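Work through the exercises below with the model open beside you. Each task is followed by a stepwise solution.

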Amino acid sequence: MKHRFRSLTLAGMTAAVALVAAFAMEARGQESGVRSQEGGFRVQGSGKTLDSPPTPDHRLPTPSSGQQLVAEAARRVAGEVAISAELRYRIDAFGHELVGTGSYLQYGAGPEKLLRLDLRMQVGDKPATVQEIRGEESYWVRRDVPPTPPSLGRVDIQKLRKSMTQPTMPSAGDVLPQGDWIMLGGLARLVTALEQNFAFTAPRAEELRFNAADGKSIVRLPIWIVAGEWKPERLATLAERELGKAARLPEQLPDRVELVLGRTEDVLPLFPYRITYWRTPPTAAKGGKNAEPLAPRELLTLDLFNVSRKRIDLREFQYQPGDQDVKDLTPYYVQRYSDETKLR
């Protein structure tokens, strides 16, 4: 089975923006009104910064394993009726850094979620945007990424759903936030794919520390940090190799993922505020087996912040194409996902 990852190249800026259609995230409850004076919040002991909301110390119990923790995080995200979040992302595209911002909306009490993703970045001196909306009947995707002309596509959700007859687990190609994750179920789909494709180690308890709004007191937010590597059978599928044989991933694909999850019952429990994809470089050729390993490369980091359950106007999930040319993408997706993936 051919994997569906896309290479990130400067010439393929459209693919880079579509790939980044997602989020890994950091929280700061909108209703709290708390901001860091330094523009971020520090994870004690890690030296990294995240945005996060202040909360009382209502900590979640210690999970039995990292695998259980990530599976529960996916379940909780899927169970939220409404999620509103801003996002930012950073991509290492063969040594060139691409950065952008955006927003994510999720609404619906059951598995049929209404979803919306808006992304923004700069391509040279010009703005680039990607918008994806999954409504009740249609999935819309509009891309305006120079120098490619703007494009608008539509998928008939009902027709696509009828073509999917066999419920299956997310494939190895679903672990990166690609353009299809909004259509297939949003953030819950992404986290589920990570849990089913990666073997996660025991989580470690950390906390975010940041200045309160008064600039004097320190607020702490408990978090879990959990990391995973490819399950051997999933890596073999991805690399199209037999289990047990060496599987060489393309340079721009991750071999490790790290999640930052909320560790409190307040705000959104176990919400994935940050997802970071890492790639470990091979040992330097000149030094052979005894060479010092190179530092892992951060391929893609997705951050969510200003996360809340605030009320969402349902008009956000409606799209009016007006006089734009609309490409019917339904036949393509029907062929792609028939008998392979159940639309969630």
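Helices (H or I, at least four residues) and strands (E, at least two) are DSSP runs, numbered from the N terminus. The model is predicted: local features need pLDDT of at least 70, side-chain atom pairs count only at pLDDT 80 or more, and totals for chains, interfaces and linings use all residues. Residues are numbered from 1 along each chain as its sequence is written, and side-chain values use heavy atoms, with hydrogens and water left out.

**Exercise 1. Take stock of the chain.**

Step 1: count the elements. The protein chain holds seven helices and 15 strands.

Step 2: check burial. Buried means under 20% relative accessible area, exposed over 50%, and partly exposed in between (1.4 Å probe, protein chains only). Of the 344 residues, 53% count as buried.

Step 3: look at contacts, meaning heavy atoms within 4.5 Å. Among contacts with a separation of 6 or more, 67% come from residues 24 or more positions apart.

**Exercise 2. Place Leu-314 and find its surface partners.**

Step 1: locate the residue. Leu-314 sits in the loop between strand E14 (297-308) and strand E15 (327-328).

Step 2: read its exposure. Leu-314 has a relative accessible area of 41%, so it is partly exposed.

Step 3: apply the patch rule. Patches take residues with over 30% relative accessible area and no salt bridge; like charges are joined within 9 Å, nonpolar side chains (Val, Leu, Ile, Met, Phe, Trp, Tyr) within 5 Å. Areas come from the Shrake-Rupley method with a 1.4 Å probe; for residues, only the protein chains shown count as cover. Val-81, Tyr-107 and Leu-314 make a nonpolar patch of about 230 Å².

**Exercise 3. Sort the salt bridges by sequence span.**

Step 1: set the rule. A salt bridge puts a side-chain nitrogen of Lys or Arg within 4 Å of a carboxyl oxygen of Asp or Glu. The count is 16.

Step 2: take the pair within a helix. Arg-76 and Glu-72 meet at 3.1 Å, N to O. Both lie in helix H2 (residues 66-79), four residues apart, about one turn. An α-helix has 3.6 residues a turn, so residues three or four places apart point the same way. Glu-72 and Arg-76 also belong to a salt-bridge network with Arg-75 and Glu-265.

Step 3: take a pair that links distant parts of the chain. Arg-274 bridges Asp-303, with the closest N and O atoms 2.6 Å apart. Arg-274 is in strand E13 (residues 272-279) and Asp-303 in strand E14, 29 residues apart. Both Arg-274 and Asp-303 are buried.

**Exercise 4. Classify the ring geometry.**

Step 1: set the rule. Rings of Phe, Tyr and Trp (its six-membered ring) pair if their centres lie within 6.5 Å; planes under 30 degrees apart count as stacked, over 60 as edge-to-face and the rest as tilted. This yields six aromatic pairs.

Step 2: classify one pair. Phe-271 and Tyr-273 have ring centres 5.2 Å apart and planes at 55°, so the pair is tilted. Phe-271 and Tyr-273 are both buried.

Step 3: find the cluster. Ring pairs join Phe-198, Phe-200 and Trp-230.

Step 4: add charges over rings (NZ of Lys or CZ of Arg within 6 Å of the ring centre and within 35 degrees of the ring normal). Arg-88 lies over the face of Phe-305, at 4.5 Å from the ring centre. Arg-263 lies over Trp-224, at 5.3 Å from the ring centre.
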